[in-house]
Structure formats: structure tokens, C-alpha cells
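Subject: Structure handover, with notes on helix packing and the sheet

Hi,

Here is the structure I promised to pass on to you. My notes on how its parts fit together follow below.

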Amino acid sequence: MADDEDIILSELDDEELTLQMHDDLYDGLKEEIEEGVNILLGRGWQPYDVLTKALVEGMRIVGIDFRDGILFVPEVLLAANAMKGGMAILKPLLAETGAPRMGKMVIGTVKGDIHDIGKNLVTMMMEGAGFEVKDLGINNPVENYLDTLQSEEYDILGMSALLTTTMPYMKVVIDTMVEKGMRDDYVVMVGGAPLNEEFARAIGADAYCRDAAVAVETAKSFMAKKHNRLTA
Ligand code: B1M
């Protein structure tokens, strides 16, 4: 292909378009990403496939070059902005499943951490699966989580951390819940790229969620157990 200006997205086949979207995400081209999302949806793609194959995969590639010092914060911010443009189109579609009300969740990125794309994705998918989600945004100290949990009846606390320096803060939140005698009232689910099962167990969380789909399945199974307990 010649230079980017000659590319007409709608003329590309699905595979070419997906690869082009990875490039456009890398280059932070929000309008092109939005156009690509709309084209794939128009071709009958499921919103979840557009999300994972075009957007999340594109961001994975950005992450590799960020790690390797090829991309820097300003470029990654543009990529994140483009990703959010695409996610905004998918959000109502993912929430449109008409699923019955499943439970209530509070979610937020922990103190010191401003990464929110993964958390937003989890929020979208949870809402799509019928959960009511209170999203506390980024950089949350322990009080934000606890005050919100106590303000209404919630079932699940979700925390997100993308940095090895911020993930230990999840333990601060869980330990404070234990101190206040409220730990057993909630299911605590944690996620974020640097976490794993072992870490989740070590800090006293109920579950580690590798991705948004796992978060939904995990939350559903906890809610099913809770309902069975209550009706037994
Ligand atoms: Co940041 N960053 N970043 N960054 N950034 C990472 C995380 C990093 C791995 C990049 C790298 O080096 N390869 C690295 C961390 C290294 C480490 O800690 N070991 C890093 C760094 C170092 C930094 C800065 C320190 C850079 C600097 O300033 N020098 C800085 C820190 C700022 C801060 O938070 N205090 C920083 C800043 C930024 C930007 C602002 C530029 C931007 C964030 C924009 C935004 O979020 N609005 C950014 C980005 C975009 C990334 C990468 C490239 C992509 C993250 C992302 O959005 N992924 C990232 C590289 C990477 O992760 N490989 C990187 C896509 C998203 C869909 O995946 O977030 O993993 P993810 O979410 C998944 C799952 O993890 C899971 O489900 C999601 C969906 O499937 N999940 C949950 C996530 N949260 C969950 C919560 C749950 C359940 C599941 O609750 C129940």
C-alpha cells in the first residue's frame, strides 16, 4: 500500500482492516479507529470481537513498544484516547444484552495509578452482563472504596492496578476491610496486567480476573453461590 492517506478503510477486507486499526491505534488516530469500529460493526462483527481483536490487541502492541522504549507517554496517551473513542461506540452495544439484574459492584483503580482502560472495559462488560456498577475512576485511596461500599448495598468490590508499585495498595484496602469487620460482606475481585492468581491469594482477595470476560464469569458464579446460600 502507498502512504496512509491513500488508505480507504471501507475498501479493506476484515483482516487488513483489523491490522490497519492496530496501526491507527498505535498512531493515536481516534477518528480512524472510530470509523474502523463502525465498519466492522456494519459488517456484522460482534461488539466483543471488535473490542478484543481490533482494540485490545492493538493496545497490546502499543504496550510492547512502550515497554521497549520505542513509544513514550505522549504517544501512548494518544493511543489510549483513540482506544477510548472506539470503546465509546461499543459501550451501549455491550450494555444492550437485556440481561436480568445480577448484583451490584464498586470498581476503581487504586491510589497512585491512573490507568483506566482495563477498568472501563470491565465496567462495560459487567454492565452488559446485568450488573449495576459504581465506577470510582482512578487514583482511589482506601476511604473511597469503603465509604462507597457502606453508602448502599453492594455485593462486589473490584480493584484495578497496572503498576507493580501500586498493586500492593490492594492489600491496604483489604486489610482495612478486615479491621473494620466488613471483609466478609463482599466478594473482592482484583485485576490488572501485573497481577496473578498467587498475588490475589496472598493479599486475601477472592479472585484474580485475567480479563473482563473472566471478571464477568467470576462475578456471576459468586452471585449464584450467594443466591443459593440465601435460599438454602
Ligand atoms: Co502505563 N504502564 N504508565 N500508561 N501503560 C504499563 C502498565 C506498563 C506495563 C508499560 C510497559 O512498560 N510495558 C508499565 C508498568 C510497568 C510495571 O509496573 N512493571 C507502565 C508504566 C511504567 C507507566 C508510567 C510509570 C510511565 C511513566 O510515566 N514513565 C506511567 C504511570 C502513571 C500512573 O499510573 N501513575 C504510565 C502512564 C500511562 C499512560 C497515562 C500514558 C497510559 C494510560 C492511559 C489510560 O489508562 N487512560 C498508559 C498505558 C495505556 C499503558 C499500557 C501501554 C496499556 C494499558 C492498557 O490500557 N491496556 C500498559 C502496557 C500493558 O499493560 N501491557 C502500560 C489495555 C487494557 C484493555 O488492558 O489494563 O491490562 P488491561 O486490563 C485488562 C486486564 O488486566 C483486566 O481486564 C482488562 C480487560 O480485559 N483488568 C481487570 C484490569 N483491571 C481489572 C479490574 C478487575 C478485573 C479485571 O476488577 C475486578
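Is the crossing of α1 and α2 left-handed or right-handed? The crossing of these two helices, α1 and α2, is left-handed. Before I go on, please keep in mind that this is a predicted model.

**The helices α1, α2 and α3**

Let me stay with that first pair for a moment. Helix α1 covers residues 14-26, and its axis comes within 9 Å of the axis of α2, with a crossing angle of roughly 155°. Angles over 145 degrees count as roughly antiparallel, and α1 and α2 are therefore roughly antiparallel to each other. On the α1 side the meeting residues are D14, L17, M21, D24 and L25, and on the α2 side they are E32, I33, G36, V37, I39 and L40. Sorted by class, this contact of α1 with α2 holds seven nonpolar residues, one polar residue and three charged residues.

Next comes α1 with α3. Their axes come within 8 Å and cross at roughly 50°, so α1 and α3 are oblique to each other. Here α1 passes α3 in a right-handed crossing. From α1 the contact uses T18, M21, H22, L25 and Y26, while α3 brings K53, A54, L55, E57, G58, M59, I61, V62 and D65. The class count for α1 with α3 is eight nonpolar, three polar and three charged.

The remaining pair is α2 with α3. Helix α2 spans residues 30-42 and helix α3 spans residues 47-67; they pack at an angle of about 135°, and their axes are 10 Å apart. The two helices α2 and α3 are therefore oblique to each other, and α2 passes α3 in a right-handed crossing. In this contact I33, V37, L40 and L41 of α2 touch P47, V50, A54 and L55 of α3. What classes of residue make up the contact of α2 with α3? There are eight nonpolar residues, and no polar or charged ones.

**The sheet**

Now to the strands. Five of them form an open sheet with parallel pairing, in the order β2-β1-β3-β4-β5. Why is one side of β2 and of β5 left without a neighbour in the sheet? Both stand at the edges, β5 being residues 207-209, and each has a single partner strand, so one side of each stays free of a neighbour in the sheet. On average, neighbouring strands are turned by 25° against each other, direction ignored.

Strand β1 (residues 103-109) runs parallel to strand β2 (residues 131-135), and five bridges join them. In this pairing, M105 of the one strand stands opposite V133 in β2. Five bridges also link β1 to strand β3 (residues 156-160), again running parallel. The bridge partner of G108 in β3 is M159.

**Helices on the sheet**

Two helices deserve a look here. Helix α5 packs on the sheet and touches β1, β2 and β3, and its direction makes about 155° with that of β2. Helix α9 (residues 212-231) also packs on the sheet, touching β1, β2, β3, β4 (187-191) and β5; the direction of α9 makes about 150° with that of β5. Helix α5, residues 117-128, has a further part to play, as β1, α5 and β2 make a right-handed β-α-β unit.

That is what I have for now. Happy to go through any of it with you.

Best wishes

Definitions and conventions: Residues are numbered from 1 along each chain as its sequence is written. This is a predicted model: local features need pLDDT of at least 70, side-chain atom pairs count only at pLDDT 80 or more; totals for chains, interfaces and linings use all residues. Side-chain values use heavy atoms; hydrogens and water are left out. Axes are lines fitted to C-alpha atoms, for helices over the stretch in contact, and angles run from 0 to 180 degrees between N-to-C directions. Helices (H or I, at least four residues) and strands (E, at least two) are DSSP runs, numbered from the N terminus. Angles under 35 degrees count as roughly parallel, over 145 as roughly antiparallel, 65 to 115 as roughly perpendicular and the rest as oblique. A crossing is left-handed if the near helix is turned anticlockwise from the far one by less than a right angle, and right-handed if clockwise. Contact means heavy atoms within 4.5 Å. Ala, Val, Leu, Ile, Met, Phe, Trp, Tyr, Cys and Pro count as nonpolar, Asp, Glu, Lys and Arg as charged, and the others, Gly among them, as polar. Two strands pair if DSSP finds at least two bridges between them. A crossover is right-handed if, with the strands pointing away from the viewer, the path from the first strand over the helix to the second runs clockwise.
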